[in-house]
Amino acid sequence: MKLQLTETKSWKALEAQHNAEKQTTIKDFFAQNTDRATELSINNLGIYFDFSKQRVSNQTVALLLELANECGLREKIDAMFRGDKINITENRSVLHTALRKPKNATLLIDGVDVVKQVHEVLEKMSGFANEIRSGAWKGFTGKPIKNIVNIGIGGSDLGPVMAYEALKFYAKHDLTFRYVSNVDGNDFAEAVRGMAPDETLFVVSSKTFTTLETMTNARTARTWLLQSLSDEKAVARHFVAVSTNEKEVAKFGIDTANMFGFWDWVGGRYSMDSAIGLSTMIAVGVANFYALLEGFNQMDEHFRTAPFNQNIPVIMGLLTVWNSNFVGAKTQAILPYENYLKRFPAYLQQLTMESNGKYVTLEGEKVTYSTSPIYWGEPGTNGQHSFYQLIHQGTDIIPCDFIGFKKPLNNLPPHQDYLIANMIAQGEALAFGKSAQAVAAEGVKAELIPHKVFEGNRPSSTFFLDTLTPQNLGKLIAMYEHSTYVQGVIWGINPFDQMGVELGKVLAQGIIAEMQTPNVQLQHDSSTNALIQFYQK
C-alpha cells in the first residue's frame, strides 16, 4: 500500500522544520544570512527569479527538494516527456510539450511521430495566416478580411485572448480581433458591433464541435452572417474550424480543408500553442508565433534537464506546496507589472485551479491536506489602489508573484522607472513591514500608530525579464504549466483531467429542456424548482 503523503519521511521533516522556524520572520532570515538574496535566486533563460522573500530558510528549501525526490518527481517528469499515459483517469498521454518541439525533433507515440503531425498542422496554419494577413483570402463578396472573431470557451478562449493582449504590440494593427466565449448573448452582440459581415472571419474552436457555449455562439454568428449575405455558400468563406470532428464541421457549412486539428493528448488549458492559437498566429504573424513556441520549448528543456535546486518551475511548485500546506496560505496572487499581461492572471486561474482543484488522489482516496490555492490577480500598479490593502494588513497570508520587465515596449520616460520602482517596493514592504517604533518616530499620534503598522513577513517572489517578447511570453506560460505539474505530483493528484466541470453542464442540459417545455413537472429540490419557476414567469 502506498504511503500517505503526510506520513512520508520528508513531509514529517518539513512539519518539524515549520514548527522550529515558524517564529522566524523573513527579516530574521535576511539578518542571519547576508548572502540570502544570492543563494535564494535563480538566473537562467533570461529570467531572474528571486524567492529570497519567501518564508523559507535554506534548510527548508533543501527539505522541499527531498520531498520532491521522495514523491518521484524526476521519474514523473521523464514519464510526461516520454509520452507515458500519465493522465490515468482518461488513459491519455500528456504531450503539450510536443506542440513546441522543433521540426527536426522526433517523438514516437504508439508508432506515430507526433512532432511530425504537429508541424504539418503548423505549416497549414502558417499558410492560412499569411493569406489573411496579406489580404489574399477573400470573403464571399470579394473583399479581404479585416475582422477576426475567435469563438471558444475555457482553454479555447483564455489562451488566445491572453496571448493577443500580451502580444498586441506585435499585432497587425489594420486587423481587428475580438473574442467570444460567454453563452450570454451580450458577449456576441458586443463583439460584432460595428463589424461588416462580408469582412469578418470567425474561428470556431471546439475539439468536439459540440460544446454548448461555443456552438451556440457559432450558430448565432452563422445567422448574423447570413442575414447580410443571404447565401449558404458564404459560410465557407467566413468560417474556419479548430476541431477534430470533421462530420460536424462539414454539417455546419465549413470547408473541411479549412479545419485545423489537434489531438486528445492536448488538454484545453494547455492548448494555446496548438491550432487553438490560430487567431494568435494571424494577429502576430508566423515568425512571432514560432518565437512563442521557441520560448515554450526553452522552458520545457530547462524543466526537463536542470538540477532541481536550479530548476525554476520545480522551486516555484515546491514553494506553493510549502505556502499551502505549512504556512497556511489559501490563495496566490499573480501581479504582473506589465499592462500587456492584464489577462495573464485570468489565464492562470484555469491552468492552475482546473488542474489541481482536486480532493481525490490518483488512487481514488480523499486527500487529507490542501491542494490548489486560489489564483487571482491584476496588473500593477492598478492593484495597489485596489486590493493591496488586504495583502499588506489583512488577516490572511497571500503569497505574491511579481512579474516585471527591465525594458518597456513603448518607451515613455519616466513611466517604466515608476512602474518597476513600485513593484520592487511592494516586495520590500510585504517582507519587512514597518514597526510601531518606526511609525512613532515619524511623529504619528499614539492612537493612529496601530493603524499604520505593517507587520511584514508576507511572502513574495519576483520574476524579472528583459522585455515582453513572444519568446519570453512562451517561457512564462510554460514556467507556470510545469510548476502546476510539480504541485500535482507532490499532492498525488491528476492535474490533467477536469471531471469537476461535468456535473453542472449535465444538469444544465436538463434544466434547458424543462425551461423550454410548457407545464413541465419539475423534480428538483425546492430551491432549484423555485428558481426555474421564477425565471419562467
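Q: A pocket is an open set of grid points with protein on both sides within 12 Å along at least five of seven lines. What is the volume of the second largest pocket?
A: The model is predicted. In it, the second largest pocket has a volume of about 550 Å³.

Q: How many residues line the second largest pocket, and which lie nearest its centre?
A: The lining has 25 residues. Glu 338, Asn 339, His 415, Gln 416 and Leu 419 lie nearest the centre.

Q: Which helix gives the largest share of the lining of the second largest pocket?
A: Helix H17, residues 415-432, gives the largest share, with six residues. By class, this lining has 10 nonpolar, nine polar and six charged residues.

Q: What is the volume of the largest pocket?
A: The largest pocket has about 1,100 Å³. Its lining counts 39 residues, and the closest to the centre are Thr 211, Gly 268, Gln 498, Val 501 and Lys 505.

Q: Which elements give two or more residues to the lining of the largest pocket?
A: They are H7, H9 (212-229), H15 and H21 (502-515). H21 has the largest share, four residues.

Q: How do the residues of the lining of the largest pocket divide into nonpolar, polar and charged?
A: There are 12 nonpolar, 18 polar and nine charged residues. Gly counts as polar in this scheme, so Gly 268 falls in the polar class.

Q: How do you know that the length of helix H15 agrees with its number of residues?
A: H15 covers residues 344-356, which is 13 residues. At 1.5 Å a residue, the expected span is 18 Å. The end C-alpha atoms are 18 Å apart, so the two values agree.

Q: Why is H15 called largely enclosed?
A: Buried means under 20% relative accessible area. In H15, 10 of the 13 residues are buried, so the rest of the structure largely encloses this helix. Among them are Phe 344, Tyr 347, Leu 348, Gln 350 and Leu 351.

Q: What do the buried residues of H15 pack against?
A: They pack against three strands and two helices. The strands are S10 (331-336), S11 (374-376) and S12. The helices are H7 (155-166) and H20 (470-491).

Q: What makes Glu 165 buried?
A: Glu 165 has a relative accessible area of 15%. The cut-off for buried is under 20%, so Glu 165 is buried. This residue lies in H7. Leaving out residues up to four places away in sequence, Glu 165 touches Tyr 340, Lys 342 and Arg 343.

Q: Why is strand S13 called largely enclosed?
A: Six of the six residues of S13 (460-465) are buried, so the rest of the structure largely encloses the strand. Both faces are covered. Ser 460, Thr 462 and Phe 464 are buried on one side, and Ser 461, Phe 463 and Leu 465 on the other.

Q: How many bridges join strand S12 to S13?
A: Six bridges join S12 (400-405) to S13, and the two run parallel. Two strands pair if there are at least two bridges between them, so S12 and S13 count as a pair. Gly 404 has Phe 464 in S13 as its bridge partner.

Q: How many bridges join strand S2 to S13?
A: Three bridges join S2 (47-50) to S13, and these strands run antiparallel. Here Tyr 48 stands opposite Phe 464.

Q: What makes S6 and S9 stand at the edges?
A: The open sheet has five strands in the order S6-S5-S7-S8-S9, with parallel pairing. S6 (176-180) and S9 (259-260) each have a single partner strand, so one side of each is left without a neighbour in the sheet. Within the order, S5 (147-151) and S7 (200-205) pair over five bridges. Asn 150 stands opposite Val 203 in S7.

Q: Why is Ser 230 counted as exposed?
A: Exposed means over 50% relative accessible area. Ser 230 has 61%, so Ser 230 counts as exposed. This residue is in the loop between H9 and H10 (235-238). Its phi is near 60°, a positive value in a residue other than glycine.

Q: Where does Leu 45 lie?
A: Leu 45 lies in the loop between S1 (41-44) and S2. Its phi is positive, about 60°, although Leu 45 is not a glycine.

Q: What is the omega of the peptide bond from Gly 380 to Thr 381?
A: Omega is near 10°, and the bond is cis. Thr 381 is found in the loop between S11 and H16 (388-393). The bond from Pro 413 to Pro 414 is cis, with omega near 5°. Pro 414 has its place in the loop between S12 and H17.

Note on methods:
Residues numbered from 1 in each chain as written. Predicted model: local features only at pLDDT ≥ 70, side-chain atom pairs only at ≥ 80, totals over all residues. Heavy atoms only, no water. Buried < 20%, exposed > 50% of the residue type's maximum accessible area, 1.4 Å probe, protein only. Expected span 1.5 Å × (residues − 1). Contact = heavy atoms within 4.5 Å. 1 Å grid on protein atoms, 1.4 Å probe; cavity = no way out; pocket = protein on both sides within 12 Å on 5 of 7 lines; lining within 4 Å. Points joined across faces, edges and corners; volume = space filled by probe spheres on them.
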